[in-house]
Amino acid sequence: MRFYLTTAIDYVNSRPHLGTAYEKITADVIARYKRLCGIDTYFLMGNDEHSQNVYRRALEQGLDPLAYCDQMEREFRAVWAQLDLSFDDFIRTTEPRHRAAVQELAQTCFDNGDIYEGVYEGWYCVSCEAFKQEKDLLDGKCPLHPTLSPEWIREKNYFFRLSRYRDALLAHFRSTPTFLQPEMRRNEMLRLLESGLEDISVSRAGQHWGIPLPFAPDNVVYVWFDALINYAAAVGYGTDEARFSVWWPADLHIVGKDITRFHTVVWPAMLMSAGLALPAAVFGHGWVHFGGQRMSKSLGTSLDPSDVARRLGPDSLRLYLVKELSYGSDGDFTWERYEERYNVDLANNLGNLVSRVAAMAEKYRGLRLQPVGAGGRLAALAGTVLDRYRASMDSLALHDGAAAAFQLVDATNEYIAETAPWTLAKNTANTARLDEALFAAAEAVRVAAVLLRPIMPASAAEILRRVGDTTPIDALRLEQHGRWRAEGTREIVKGPPLWPRVEEAGPAKEITVEQPATTPAPAEEPRITIDEFMKVDLRVAKVLEAEAIPKSKKLLKLKVDTGRDQRTIVAGIAEAYPPERLVGRTVVIVANLQPATLMGVESNGMVLAGSPDGGQPILVGFDQDVTPGARVR
Ligand SMILES: [Zn+2]
């Protein structure tokens, strides 16, 4: 089975805000869920670069538009990496593969008689980059951009015969109720189709930033017509027909509710014209409001997802957005609500449960748990929860999927309270009952972590490690590992609290608009003990050799002398340090980090560097010579 999933591609005239991140996070949850189900998944994201707003922004900054887009790609990718997004491909509309696809599709529609020359006269919202009909405007303004005045334009354009596809689209909407979800969006589109469709402009005259129409190269393709084609381009349309036949049609386009018309009317009509299959489904998600207001750069009510993720960790943000917002509807983010949910769901509930299971396992069984019995009602509940979870995730009710996992977490906390292992431990006659209770609690946590893996990938992996699940994380399968398993000894691992409580409001909470805190209030930073710090073995090392890692822009392979051994460390400093400048240099390393393989090279440690936001890494150094092997503390 295969699953091809896409998100909208983003204009790069500004950094992503939390609403943009919401779309990508929920799509990532779906992609990870499909993979967990053993489905061969292709998850596409990307940037929309042929926008006049992007072009203008580049000129404002005195940059060549492509250089500007390169820079924004790095910024977008940095944010997406921080949010742990697992896309398989990232397309940019300035790439040759995209250009080839756009030209092929435009030519095919033209050859089929669906593109003709005409004159467009009417309103145009520069910020939407969309033509607006009189009836779309509210008091003469674009409803999405009430601070701007739409422009009246008159230009010779090429038009796409959208009107020709109205009946076919209507028939498709009626025969395939799942084509546009959720239901309320479908009803909007049905009404639109019933009221008739007008042909749309597919080119802009007098502009150069864009892809030329193959049959009229003095015109560039209108940015929306251009952008939609990315979904086909990424899987080989126009460049690799064999690959295209494997992955097309897409199974699911995730888009914002404001652009469902483009995706369920314009795009399918383009595909019909070109003789291509339609995507199986389009999901129009709602908006994340910030303190009750629509999040928008132009309205000045925007939050940077990096700031939010830094505050309490990316997984806390992912959980909040998935669990607290009903997928498909609008929802709200406030710092107060975010911290409250963090404390309730993570610090007090899941995090505390993981700590308790480990503490009891250590105290009563030396961290080694044996399966006894079948798990009783907790095992039965886990089965029910798995069914609920699967049904919810399959129907894109992601919030219900998250709630199902937490149903098991809640039940496990109750189970511990009821079985009271601390009482059982007082009497050796209860040995078997104590074994059963401890194992069942650990097993329920394990199952919950499997279910949470798509939503909180790193945290779920850590919880699985702590409850002694040794399955390689990418080999997890819902059918096999999401079920109760009363088997196998579990070696429980103790660790520091996963989510320390956030106490009281810090100054960062006060900041609501446009300037989210970049430095968390000291009181909110989880503190660690000196013992915890001393577990990190920081040492002085000397670089013996350095070389670039092929195909990696960021990574260098270093051979260092740690005073005790010579070892290989992969460091993400290539953009700031050419290899030759590093040989002979003294660096600080984390010496006792578990090995990790990066771009095929096993790294045994980490080189420390200052990492300014948006800037390049700066290596940590000393103001006098220090011998390799000296401890840093
Ligand atoms: Zn607008």
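This briefing describes a zinc site and a pocket in the structure above. The model is a predicted one. Its zinc ion is held by Cys-125, Cys-128, Cys-142 and His-145, and its second largest pocket encloses about 1800 Å³ of space.

**Zinc site**

- Three sulfur donors, the SG atoms of Cys-125, Cys-128 and Cys-142, coordinate the zinc ion together with the ND1 atom of His-145, at 2.1 to 2.3 Å.
- The arrangement is tetrahedral because the four donor atoms subtend angles of 102 to 115° around the zinc ion.
- Along the sequence, the spacing of the donor residues follows the pattern C-x2-C-x13-C-x2-H.
- Cys-128 and His-145 link distant parts of the chain, 17 residues apart. Cys-128 belongs to the loop between strand 5 (115–125) and strand 6 (130–132), whereas His-145 belongs to the loop between strand 6 and strand 7 (151–160).

**Burial of two donor residues**

- Cys-128 has a relative accessible area of 13% and is therefore buried, since buried means under 20%.
- His-145, at 10% relative accessibility, also counts as buried.

**Second largest pocket**

- The lining of this pocket consists of 45 residues, and those nearest its centre are Ala-78, Ala-81, Lys-554, Gly-572 and Glu-575.
- Helix 3 (65–82) provides nine residues, the largest share of the lining.
- At least two lining residues each come from helix 3, helix 11 (305–312), strand 22 (566–571), strand 24 (596–598) and strand 26 (606–607).
- By residue class, the lining comprises 20 nonpolar, 12 polar and 13 charged residues.

Notes
Residues numbered from 1 in each chain as written. Predicted model: local features only at pLDDT ≥ 70, side-chain atom pairs only at ≥ 80, totals over all residues. Heavy atoms only, no water. Donors = N, O, S within 2.8 Å, 3.2 Å for Na, K, Ca; no water. Tetrahedral: all angles 85-135°; square planar, octahedral: opposite > 155°, others 65-115°. Helix = DSSP H or I, 4+ residues; strand = E, 2+ residues; numbered from the N terminus. Buried < 20%, exposed > 50% of the residue type's maximum accessible area, 1.4 Å probe, protein only. 1 Å grid on protein atoms, 1.4 Å probe; cavity = no way out; pocket = protein on both sides within 12 Å on 5 of 7 lines; lining within 4 Å. Points joined across faces, edges and corners; volume = space filled by probe spheres on them. Nonpolar A, V, L, I, M, F, W, Y, C, P; charged D, E, K, R; others polar.
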